[in-house]
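Notebook open, coffee on the desk. I want to look inside this one and jot down what turns up.

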Amino acid sequence: MTLLAPATVARLQQAHDSRDIAQLAAAVASLRLALTSAGPFEFTSLLKCLVVAAESALELANDGQASQQQQTSASQTPLKVAEECLQDFFGKNVKLLPQRGEGKASAAAAAAALVAGEGQYFIRAKFAYARLLAWMGCELKGEAADQRCRDAIEMVMQGINRATACERYTFLIYNGSVHFWNLARPLLQREGARASLLQQVA
């Protein structure tokens with residue numbers, strides 16, 4: 001990956017190591033810009049970087065390192081950065097798939113497969129999106145909160161099912177089980193919600 005987009009990857013790694021949301025947001029902006037003009041081989045690598053960036057942003061949200069002092073604008077909150085990365089991964093930038101240059105067919109196929117569900121980064125993106133949904137539902141109450149949690153669990157289950165179906169990705173099943181437990185635990189403590197959850201995953 002670093003051979004395909006060394007400057008972008010290095011900037012993303014530096015932002016992750018610094019635990020600074022402003023640096024991470026700037027790195028993501030650079031990454032998203034690079035996607036618009038990437039060659040066919042670099043494109044797939046940059047899609048993977050979107051997932052790594054989303055995971056980094058969610059880590060910042062989880063550990064509380066992104067303080068109000070660091071968040072210089074609404075677009076630089078960890079959840080906003082993660083949301084932009086995952087939206088691009090799953091949708092918008094598929095339309096930007098490069099169709100030029102030598103090897104365009106195999107590179108296009110690789111990028112399309114990455115987003116369609118082939119590869120560990122698709123599974124990790126599902127897990128990340130589930131975590132994002134849970135974070136964005138923190139202020140919801142009652143049935144709305146339960147539904148948001150069930151939506152997040154559905155994303156995790158999609159990732160687990162994909163990991164289960166391919167021996168190369170079984171190492172991600174444990175990660176998915178941890179995400180599942182963190183999301184399901186509140187529902188399991190309430191009888192009505194527990195029955196609904198058991199029906200969902202049966």
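Which residues have the most contacts inside the largest nonpolar core? Before answering, I noted that this is a predicted model. I looked it up: they are Leu24, Leu50, Val81, Cys85 and Phe89, in a core of 32 residues.

Next I checked where that core comes from. Helices H1 (6-18), H2 (21-37), H3 (40-63), H4 and H6 (120-136) each give it two or more residues. H3 gives the most, with eleven residues.

I also found another core, lying apart from that one. This other core has 18 residues, and Phe127, Met157, Ala163 and Ala184 are among them.

Then I picked Leu24 and listed what it touches, skipping residues up to four places away in sequence. My list for Leu24 reads Leu12, Ala15, Ala53, Ser56, Ala57, Leu60 and Val81.

On to H4, which runs over residues 78-90. I get 18 Å from its first C-alpha to its last, close to the 18 Å expected for its 13 residues. Buried residues in H4 include Val81, Cys85, Leu86 and Phe89, but I also wrote down Glu83, Glu84 and Asp88 as buried.

Last entry: cysteines. How many disulfides does the structure hold? Zero. Why does Cys49 have no bond? Its closest cysteine sulfur is in Cys85, 9.9 Å away, which is too far, because a disulfide needs the two sulfurs within 2.5 Å. Is Cys49 buried or exposed? Cys49 is buried, at a relative accessible area of 1%. Cys166 counts as buried as well, with 14% relative accessibility.

Technical notes
Residues numbered from 1 in each chain as written. Predicted model: local features only at pLDDT ≥ 70, side-chain atom pairs only at ≥ 80, totals over all residues. Heavy atoms only, no water. Buried < 20%, exposed > 50% of the residue type's maximum accessible area, 1.4 Å probe, protein only. Helix = DSSP H or I, 4+ residues; strand = E, 2+ residues; numbered from the N terminus. Expected span 1.5 Å × (residues − 1). Core = buried A, V, L, I, M, F, W, Y, C linked by side-chain atoms within 4.5 Å. Contact = heavy atoms within 4.5 Å.
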